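The following exchange asks how certain terms are justified for the model shown below.

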There are 4 protein chains.
Amino acid sequence: MQTPEIAKLGHFGLVTTDLEKSLWFFKEVIGLEETEVKDGVHYLRAWGDFEHHTMYVRAGDEPHVDHIAWRTKRAEDVDAFAKNLEESGVEVRWVTEGAEAGQGKAFRFELPSGHTQEIYFEMEKTLASAESRSVLKNQSHKSWARGVSPRRIDHVNLLTSLLANEVADFLQEKLGFKLRECVQLPDGNLVGAWLSVTPLVHDIAISHDPFAPTTHQVHHVSYWLDNAQDLLRAADILKENGIFFKGPGKHGISQAMYIYAIDPGSGLRVELFTNGYLIFEPDWEPIVWSVDEMDIGFTYWGDQMDNKPENNPTISAQEKKLIRG
Amino acid sequence: MQTPEIAKLGHFGLVTTDLEKSLWFFKEVIGLEETEVKDGVHYLRAWGDFEHHTMYVRAGDEPHVDHIAWRTKRAEDVDAFAKNLEESGVEVRWVTEGAEAGQGKAFRFELPSGHTQEIYFEMEKTLASAESRSVLKNQSHKSWARGVSPRRIDHVNLLTSLLANEVADFLQEKLGFKLRECVQLPDGNLVGAWLSVTPLVHDIAISHDPFAPTTHQVHHVSYWLDNAQDLLRAADILKENGIFFKGPGKHGISQAMYIYAIDPGSGLRVELFTNGYLIFEPDWEPIVWSVDEMDIGFTYWGDQMDNKPENNPTISAQEKKLIRG
Amino acid sequence: MQTPEIAKLGHFGLVTTDLEKSLWFFKEVIGLEETEVKDGVHYLRAWGDFEHHTMYVRAGDEPHVDHIAWRTKRAEDVDAFAKNLEESGVEVRWVTEGAEAGQGKAFRFELPSGHTQEIYFEMEKTLASAESRSVLKNQSHKSWARGVSPRRIDHVNLLTSLLANEVADFLQEKLGFKLRECVQLPDGNLVGAWLSVTPLVHDIAISHDPFAPTTHQVHHVSYWLDNAQDLLRAADILKENGIFFKGPGKHGISQAMYIYAIDPGSGLRVELFTNGYLIFEPDWEPIVWSVDEMDIGFTYWGDQMDNKPENNPTISAQEKKLIRG
Amino acid sequence: MQTPEIAKLGHFGLVTTDLEKSLWFFKEVIGLEETEVKDGVHYLRAWGDFEHHTMYVRAGDEPHVDHIAWRTKRAEDVDAFAKNLEESGVEVRWVTEGAEAGQGKAFRFELPSGHTQEIYFEMEKTLASAESRSVLKNQSHKSWARGVSPRRIDHVNLLTSLLANEVADFLQEKLGFKLRECVQLPDGNLVGAWLSVTPLVHDIAISHDPFAPTTHQVHHVSYWLDNAQDLLRAADILKENGIFFKGPGKHGISQAMYIYAIDPGSGLRVELFTNGYLIFEPDWEPIVWSVDEMDIGFTYWGDQMDNKPENNPTISAQEKKLIRG
């Protein structure tokens, strides 16, 4: 049997304590399109996303990301991943087909950190309504319809009190991710790890914070925009709508520009992301940053996000909000 | 034995009748960095390229692209590709190791159209000089040092009097490329084909022109910039330096922005390229444009390049120049 | 008595044969804000305009610009201009105060070309609604609320079968405009004239076309955006909404970037405009372009607008539409 | 006699303790053009400046700005200003004609704060060399030749231990400046004042800092770029060249984007500046920000400059450097 492979980040599921506010944030301010509402779950995607959804949002008692989903390369990879994970002692829970709208066969499991992941292949490639459809046949929706208007989902970044390598090792060994960049302690352990299965520098990152309340927080999820200037326009929109955010700035790691905005409904941090480099080299050696080099690694220039909010008396309460994954 | 795989477009070799002018164009106007000069061959790359070179330029009697090179995923894929090609009747010519600076074992062969391709794996990942090196350890050179300053090589586009599918079929069957978008005649033949082994919409495209002087011309080679606005700055630079160009505009196919500039030394058309979409879906169905839909496919908006110069009395002589591949 | 002075371009009045379509174009696609609707007249302005309106649109039998209005430096300049114009034989028609919403004392008169102009000083500086107001106290509305979202009105460009100097001389002698750039025939007459009372290169331009159907057409009106990239975003929006446009490109004259879009209701050409230079030198000598230099003067680079549509068989019917001023 | 008027900010003179480093900063990193070197004074301007120079730099024992120069509307305004100032008790010192290269008749005097100002009208409008000249006849030099490449000088910002109104009142009463925006204490005094004679929000600003070492420091001088994205490119260039800077960010006051970079030779803070609004209304009422509103006034969003370095233990020594004016 062929080694199963992950093709891409698919979507994530968000539970919010204020559904109305989160919907306003994601639909009006960020500008995602709603594909479907089913059983109180709102399925959203960006104008350049091809699948039925790249996130959903639903109401709940405690804000958290209930799962992060990965699409496989082939339909049969779903079973193969399930088998491999079970054989290595990971508990696998099959999801009822169609329970998540648009999605076929899928299962969920936990990373060593406790973050819930999902593996699937089948997903409806929903057409936009005639009205909102692009005049281009390779683009789902008209761009720039509302708000920030990012193109597509980009990556997720998990926050954990574990060392980053405890999660990154699992991602590499069980799921085939490649380590692209990392921040390394003198003892060889990692406090930050950026991994991908695609040429993106990261489809997923692991951020270690010894003060994180659990092993399974979410640092942020991220949507992509095409141009740096689109981030500056986003900053105007966020500010005029009273959204708390940090940035714009540019990372050394990934060379990408960022804004970190807080969903006022759930507290989820959403990174607006652009530029950066792609890794096409098949023999890429991970870029290793020492703790001394972290500053330029995190912020090449621009407005910084403090990575240790509990140590910073001036940081906003909104920025301190940490959502569980 | 594992099926050999292409990882990425590596580089191309340019022969020019006016070396001084071509070097001025690529080094001062476009702003590529010279890694090495050896035996009269100038090896160049962009500031975000990681390999020893992504193009070279040397003097010769007739301007042409002497080869286009593809890097494999694994070292052993070079032999495997050679074996497969020979078995299917394609002539393989081994290149002396080191004859092309920085490069290891490699062979060349012709596409059905006669365009010379090269397959290699080993290539030096040269460090920039201390002076020109970026302060970032994941970036080769300081950006914005000179001229347009693109980030990296992006793709090549071959022009041929053959139908595009005659070349595209070979690329799919022998080299593992996937068809991403195409322009189809009513009889099912293709006049344009965009193919890739990466999530880029195309690493290579095939453009059919019944009036092309041979089966093996080069339509253009392309370098990537991070932002649409970088193209507008490029337009200023090209204009102030007396370079002939078309654009800026935006393609429907690939959704990317373009400027097409002519190297005044060799007549080679160089596309400056940005934005556009990435294909992460493993079950991507090629986007098929009919001949009726070609107009928006080629030009979503902006200054157009006429694809049939011989039919257009107003087109510049510079634009008519077709370089052989 | 002090010489009366024009301070700035105020607004223009548009009559359309398809009010619904023109309102959709200006409010939803361009993204202007509606300050007031009174007697079937819709008063609009951009988010950075400070006056009650910078344009209005109303229904009528023939599409035309019914007047272009100029604000004076001082209240008493209105009377002084009226007196001066009458003394030099120009007929002055006083407008009923408040007939145009928000506006005080004003009169209208015709340029030698027959284009109707208005002189006023008093205009309400309307506050935006609490909801749409910016969080900044120096900005009228939230930016980026809808569509292209330009910042402010910029200039008007009149098309006439007269020589440009016949109108430009009047503007200089009677209204105090300064000639900033021009296109000159060998006999000294002007076919294009760019004039201003502000440091903008032009508040008004005069374009000569011997084939213009009357002496008093409008070539275009123009709104300003802050960044070149905002024009590229505008191109996407226009294309997705089926609006005919030319550009983006960059003028030599004024050094500004442009898109020319057609209001599908009235046929009025609207220029989206950015970058360019300001003239602070008090002893500015007009830049004189010969007819030979016109090409780079009109189009430094990019998609061109043909200035003589009747001579061009390939030009769209929409582009040929000429609106009367 | 007509009231004399200031037309524009002309230039400033910089004295540096490290001429080589300052020249490298202004010529290579910022990318200004050198018009002339005379008596050890280097005369510089941006590619879109029309006068002989908009700054000079020379060696000296203590870094400071030795004067800020204002061009009058008419030649005779120079004498008229001198007369008016002397009559109101201000000491006027005539400058030897030609002592400052390119410049005609001029005199200097001190603001109440002690900042040296110069009034002149005659200045050579030097043509660029054939090589560096733009292909456009309305533009001095080719743009984008080197480094950041701003278009033109924009404004100066004076720092003083005096209340801002003590200087702003003088500028309004003696020199005809208009107050555009200000930050007001509850007692009516101003801690910040932005004034102009042009439609720019400010040609000059006065910043009060009770901890400033003298009454006559320079907060910064500023050069203009056309696009917000040009600032992001500038940030890359500054970072790669080891220049200390704050930003990018966006001011509420002026609505303009900024980067503040430190000349490593003299310690002078240089603001790279773009976007923002223009004031064409002749009856503009100054925008008054209270101390409570200062935060959004100074920083609408982005990386902030701390305005009170002595209170901030984390601020860099470079940022603390205050240059005398």
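Q: How many residue pairs are in polar contact across the interface of chain A and chain B?
A: The rule finds 24 residue pairs, both residues being at pLDDT 80 or more. A polar contact is a pair of N or O atoms within 3.5 Å; within protein, one must be able to donate a hydrogen and the other to accept it, and residues adjacent in sequence count only if both atoms are side-chain atoms. This is a predicted model, in which local features need pLDDT of at least 70 and side-chain atom pairs count only at pLDDT 80 or more, while totals for chains, interfaces and linings use all residues. Residues are numbered from 1 along each chain as its sequence is written, chains are lettered from A in the order in which they are written, and side-chain values use heavy atoms, without hydrogens and water.

Q: What makes A:Asp283 and B:Arg71 a salt bridge?
A: A salt bridge requires a side-chain nitrogen of Lys or Arg within 4 Å of a carboxyl oxygen of Asp or Glu. The closest N and O atoms of A:Asp283 and B:Arg71 are 2.7 Å apart, so the pair satisfies the rule. Across the interface of chain A and chain B, 10 salt bridges are found.

Q: What is the area buried between chain A and chain B?
A: Buried area is the accessible area (1.4 Å probe) that two parts lose on being put together, summed over both. Here the value is about 3,700 Å², with carbon and sulfur atoms giving 56%. In chain A, the residues that lose the most area to chain B are A:Lys137, A:Asn138 and A:Phe280, together 18% of what that side buries. The contact (heavy atoms within 4.5 Å) takes 44 residues from chain A and 44 residues from chain B.

Q: How do you know that chain B and chain C are related as by a two-fold rotation axis?
A: The copies are superposed by least squares on the C-alpha atoms of residues with pLDDT of at least 70 in both. A rotation of 180° with 0.0 Å of shift along its axis places chain B on chain C, with an RMSD of 0.0 Å. The two copies are therefore related as by a two-fold rotation axis. Of the residues of chain B, B:Asp303 comes closest to that axis, with its C-alpha at 2.1 Å.

Q: Why are chain B and chain C said to meet through the same surface?
A: Because 100% of the interface residues of chain B are also interface residues in chain C, the copies meet through the same surface.
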